[in-house]
Amino acid sequence: VNSHGIKLKSPPHSAGQSYTLTFPSTAPGTDKILQTNSSGVLSFVDAPSGSHTLLSETNITSSVSSVDFANVFTDTYRDYLIVCSAIHPQTNNTNFRIRYYNSSGVVSSSSYAYVEIGRADDSATPNTQSNSDTEIRIFNNRGVGNGSQEAFNVKGTLFNPRNTSHYKNFSYLATNFNNTDSNRNVTSTGSGIYEATDALVGVQFFMSSGTIDTGNIKIYGIT
């Protein structure tokens, strides 16, 4: 335009390259980038967001008996990151529980096992484990608090839930504060096993008693 312009410069002659880039026929939207296929045809696509893609999120603002992600695991991703942030329970001294969905619905049979290794601020070690259980349990030996200032957090990875050859493993790190327990500050690491080979499609979160009042749960696909 008059004295202004945009130049597209080819590589040097020594590169021996001859190819055509075909620009899109429509204008780009906000935050789009150019992507090419093997024929040099360009398209405007979303900018990559990193190694984790947010697939689903539930922001809990009122009491619910469970938080369900019924159809979140697909063959697009192999592994998944689960982040449960500032979860506040209705009932004091309860534990956090996880079940999975398969193609028939929520699995509540004795298909779960878990191991939890914890550390409390009185130097006690609240370890717990079980097999042939009906859910995965977190904070099973040190219940979570329900005071207005209390909440718990869990971050973990679910490995290959769509696999039909192996059992499924969820490994996590969790923190909890319970002002009515003499062992108030608890950090736990652990894993939960789904002892079956059927493909999983979703996950359910709930408390051993009462509801979840507030909090946020996100599930990411790991690329």
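This report covers a salt-bridge network, a pocket and a nonpolar surface patch in a predicted model.

**Salt bridges**

The model has 6 salt bridges by the rule used here. Five residues are linked in a network of such bridges: Arg97, Arg99, Asp133, Glu135 and Arg137. Glu135 pairs with Arg97, with Arg99 and with Arg137. The table lists these pairs with the distance between the closest N and O atoms.

| Pair | N to O distance |
|---|---|
| Glu135 and Arg97 | 3.3 Å |
| Glu135 and Arg99 | 3.1 Å |
| Glu135 and Arg137 | 2.9 Å |

Where do Arg97 and Glu135 sit in the chain? Arg97 belongs to strand E6, residues 96-102. Glu135 is in the loop between strand E9 (128-133) and strand E10 (136-138). The two residues are 38 residues apart, and their bridge links distant parts of the chain.

The bridge between Glu135 and Arg99 has an N to O distance of 3.1 Å. Arg99 lies in strand E6 and Glu135 in the loop between E9 and E10, so this pair ties together parts that are 36 residues apart in sequence.

Are these side chains buried or exposed? Both Glu135 and Arg99 are buried. Glu135 has a relative accessible area of 2%. Buried means under 20%. Arg97 has 15% relative accessibility, so Arg97 counts as buried. Arg137 has 19%, so Arg137 also counts as buried.

**The largest pocket**

The largest pocket has a volume of about 190 Å³. Which residues line the largest pocket? The lining consists of Leu8, Lys9, Ser10, Pro11, Gln17, Ser18, Tyr19, Leu21 and Phe23. By class, 5 of the lining residues are nonpolar, 3 are polar and 1 is charged. Lys counts as charged, so the charged residue is Lys9.

**The nonpolar patch**

A nonpolar patch of about 560 Å² lies on the surface. Leu8, Tyr19, Leu21, Phe23 and Leu34 make up this patch. Leu8, Tyr19, Leu21 and Phe23 are also named in the lining of the largest pocket. Leu34 is not among those lining residues.

Where is Leu34 found? Leu34 is part of strand E1, which covers residues 32-36. Patch residues need over 30% relative accessible area. Leu34 has a relative accessible area of 42%, so Leu34 passes that cut-off. At this value Leu34 is partly exposed.

Note on methods: Residues numbered from 1 in each chain as written. Predicted model: local features only at pLDDT ≥ 70, side-chain atom pairs only at ≥ 80, totals over all residues. Heavy atoms only, no water. 1 Å grid on protein atoms, 1.4 Å probe; cavity = no way out; pocket = protein on both sides within 12 Å on 5 of 7 lines; lining within 4 Å. Points joined across faces, edges and corners; volume = space filled by probe spheres on them. Patch = residues over 30% accessible without salt bridge, like charges linked within 9 Å, V, L, I, M, F, W, Y side chains within 5 Å. Areas by Shrake-Rupley, 256 points an atom, 1.4 Å probe, with all protein chains shown as cover. Salt bridge = Lys/Arg side-chain N within 4 Å of Asp/Glu carboxyl O. Helix = DSSP H or I, 4+ residues; strand = E, 2+ residues; numbered from the N terminus. Buried < 20%, exposed > 50% of the residue type's maximum accessible area, 1.4 Å probe, protein only.
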